[in-house]
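Grab a coffee and work through these exercises with the model open beside you. Each one sets a task and then walks through a solution.

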Amino acid sequence: MEQVSEPFTIDLRRLTVLRELQRRGSLARTAKALHLTPSAVSQQIAALARETGVPLTEKDGRGVRLTGQARVLLAHADAIAAQLERARADLGAYGEGGRGSVTIGCLSSGILGLLPGVLRALADRLPQVRVDVVESEPPDLFTALDAGQVDVAVAVHFAAAPPHTDARYSRTELFTDVMDIAVPAGHRLAGRDRVALRELAAEAWIVGDARSCVGAVARSVCAAAGFTPDIRHAVNDWGALAALVEAGQGVALVPRLARPAYAHRDLALLTTDDGTPPSRHVFAAVRTGAEGDPVLATVLDQLRLSGLELTGGGQQRAL
């Protein structure tokens, strides 16, 4: 009699937990991201190991690290997730994609400067599609994208964002967001149009939290200019940051995308005289395979078009 092999089946939800463990690097951080307990994460990984018949983690001091078998499995997990998204896209295309809902996860400055125009255009292009917006940044934004809590992620490239080589996501590059220096209206440099960033090395600075895009980009820009900023205030909200600059509490780098938050403030905006101005590269991402969904394809196209309009065809308009 011919022997029939046992079917190989795995729980896709457990694969999601393993993928998150790869991203976060620890059981505790994975549990926090997925709103589980560390014990529940361990149980999910252990159950997946039993399903696959191979060890997926090994001890690493007080924590754990992924085994070679786990990394092999994760490479297949990316392909499985992408194929499922293609199936979803094909089903959407079959129904012509004219209905449904889309959730866009976006950084705060994108909500200020980009999404209002995108949402107005999508109301005309996709009148029967509900579009929701949530504010989020990497890495939480991409955890939500993986989990299906958001369908499109709009972010900027910085350390917490996934690398370009991450096969889980299909990217659409949108535009370059130039950053200016905001100083109080009565500042000694306020009458200048251009200034070398190094001239502000001795100033008090207002910068976002180091883990956020707001803080990470400002710190890296100052480091590239040859100094570590004297950070007096850590603020992630662009409106609050502008209010502190206006009150004479420090200087700050502000993106042109967030202009609605500070246009009414009594500030002086200076461009840098250091060659290429500091900037952030804005992109949109969907789960790999989902880019063929007709609704998501329209959303991505509108994000790209609105970005081009916002930046004057690729070169961001001066303020």
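Contact here means heavy atoms within 4.5 Å. Keep in mind that this is a predicted model.

**Exercise 1. Place Val156 in the fold and list what Val156 is in contact with, leaving aside its neighbours within four places in sequence.**

Solution.
- Step 1: find the element. Val156 sits in strand β5, which covers residues 152-156.
- Step 2: check the burial. The cut-off for buried is under 20% relative accessible area. Val156 has a relative accessible area of 2%, so Val156 is buried.
- Step 3: collect the partners. With neighbours within four places in sequence set aside, Leu107, Ala161, Cys213, Arg280, His281, Val282 and Phe283 are in contact with Val156.
- Step 4: try a residue that is not on that list. Leu115 is 41 residues from Val156 along the chain, and their C-alpha atoms are separated by 15 Å.

**Exercise 2. Which residues touch the most other members of the largest nonpolar core?**

Solution.
- Step 1: take the core as a whole. The largest nonpolar core has 46 residues, and Val152, Val154, Trp205 and Leu303 touch the most other members.
- Step 2: zoom in on one of these. Leaving aside neighbours within four places in sequence, Leu303 is in contact with Leu114, Leu115, Val118, Val152, Val154, Leu174 and Ala284.
- Step 3: look for another core. There is a second, separate one of 16 residues, with Val41, Ile45, Leu48 and Ala77 among them.

**Exercise 3. Describe the lining of the two largest pockets, beginning with the largest pocket.**

Solution.
- Step 1: get the volume. The largest pocket comes to about 610 Å³.
- Step 2: find the residues at the middle. Of the 20 lining residues, Arg24, Lys32, Ala33, Pro139 and Asp140 lie nearest the centre of the largest pocket.
- Step 3: assign elements. Helices α1 (12-24), α2 (27-34) and α7 (140-146) each supply at least two residues of this lining. The one that gives the most is α2, with 4 residues.
- Step 4: sort by class. The lining of the largest pocket has 7 nonpolar, 5 polar and 8 charged residues.
- Step 5: move on to the second largest pocket, which holds about 380 Å³ of space. It is lined by 20 residues, and Thr16, Arg19, Ala81, Leu84 and Asp146 are the closest to its centre.
- Step 6: assign elements again. Both α1 and α4 (68-94) supply at least two residues to the lining of the second largest pocket, and α4 has the largest share with 8 residues.
- Step 7: sort again. For the second largest pocket, the classes are 9 nonpolar, 3 polar and 8 charged residues.

**Exercise 4. Where do Asp180 and Arg256 lie along the chain, and are they buried or exposed?**

Solution.
- Step 1: recall the principle. Side chains of opposite charge can pair when their charged atoms come close.
- Step 2: count. The structure has 22 salt bridges.
- Step 3: pick out the pair. Asp180 and Arg256 form a salt bridge with an N to O distance of 2.8 Å. This pair links distant parts of the chain, 76 residues apart: Asp180 is in strand β6 (residues 169-184), and Arg256 is in the loop between β10 (252-255) and α10 (259-262).
- Step 4: check the burial. Asp180 and Arg256 are buried.
- Step 5: try another pair. Glu199 and Arg192 make a salt bridge, their closest N and O atoms being 2.9 Å apart. Glu199 has a relative accessible area of 32% and is therefore partly exposed; Arg192, with 34%, is partly exposed too.
- Step 6: and one more. Asp230 forms a salt bridge with Arg232, with 2.9 Å between the closest N and O atoms. Asp230 is partly exposed because its relative accessibility is 34%, while Arg232, at 52%, counts as exposed.
- Step 7: look for a network. Salt bridges link Glu20, Arg23, Arg24, Asp140, Asp146, Asp166 and Arg168.

**Exercise 5. How many cavities of 30 Å³ or more does a search of the whole structure find?**

Solution.
- Step 1: run the search. The result is 1 cavity of 30 Å³ or more.
- Step 2: note the volume. The largest cavity has about 30 Å³ of space.
- Step 3: name the lining. Ile206, Val207, Gly208, Val214, Ala218, Trp238, Leu241 and Leu253 line the largest cavity.
- Step 4: assign elements. At least two lining residues come from each of β8 (204-207), α8 (213-224) and α9 (238-246).
- Step 5: sort by class. The lining of the largest cavity has 7 nonpolar, 1 polar and no charged residues.

How values were computed: Residues are numbered from 1 along each chain as its sequence is written. This is a predicted model: local features need pLDDT of at least 70, side-chain atom pairs count only at pLDDT 80 or more; totals for chains, interfaces and linings use all residues. Side-chain values use heavy atoms; hydrogens and water are left out. A nonpolar core is a set of buried Ala, Val, Leu, Ile, Met, Phe, Trp, Tyr and Cys residues joined through side-chain atoms within 4.5 Å. Buried means under 20% relative accessible area, exposed over 50%, partly exposed in between (1.4 Å probe, protein chains only). On a 1 Å grid over the protein atoms alone, a cavity is a set of points where a 1.4 Å probe fits but cannot get out, and a pocket is an open set with protein on both sides within 12 Å along at least five of seven lines; lining residues have an atom within 4 Å of a point. Grid points are joined across faces, edges and corners, and a volume is the space filled by probe spheres set on the points. Ala, Val, Leu, Ile, Met, Phe, Trp, Tyr, Cys and Pro count as nonpolar, Asp, Glu, Lys and Arg as charged, and the others, Gly among them, as polar. A salt bridge is a side-chain nitrogen of Lys or Arg within 4 Å of a carboxyl oxygen of Asp or Glu.
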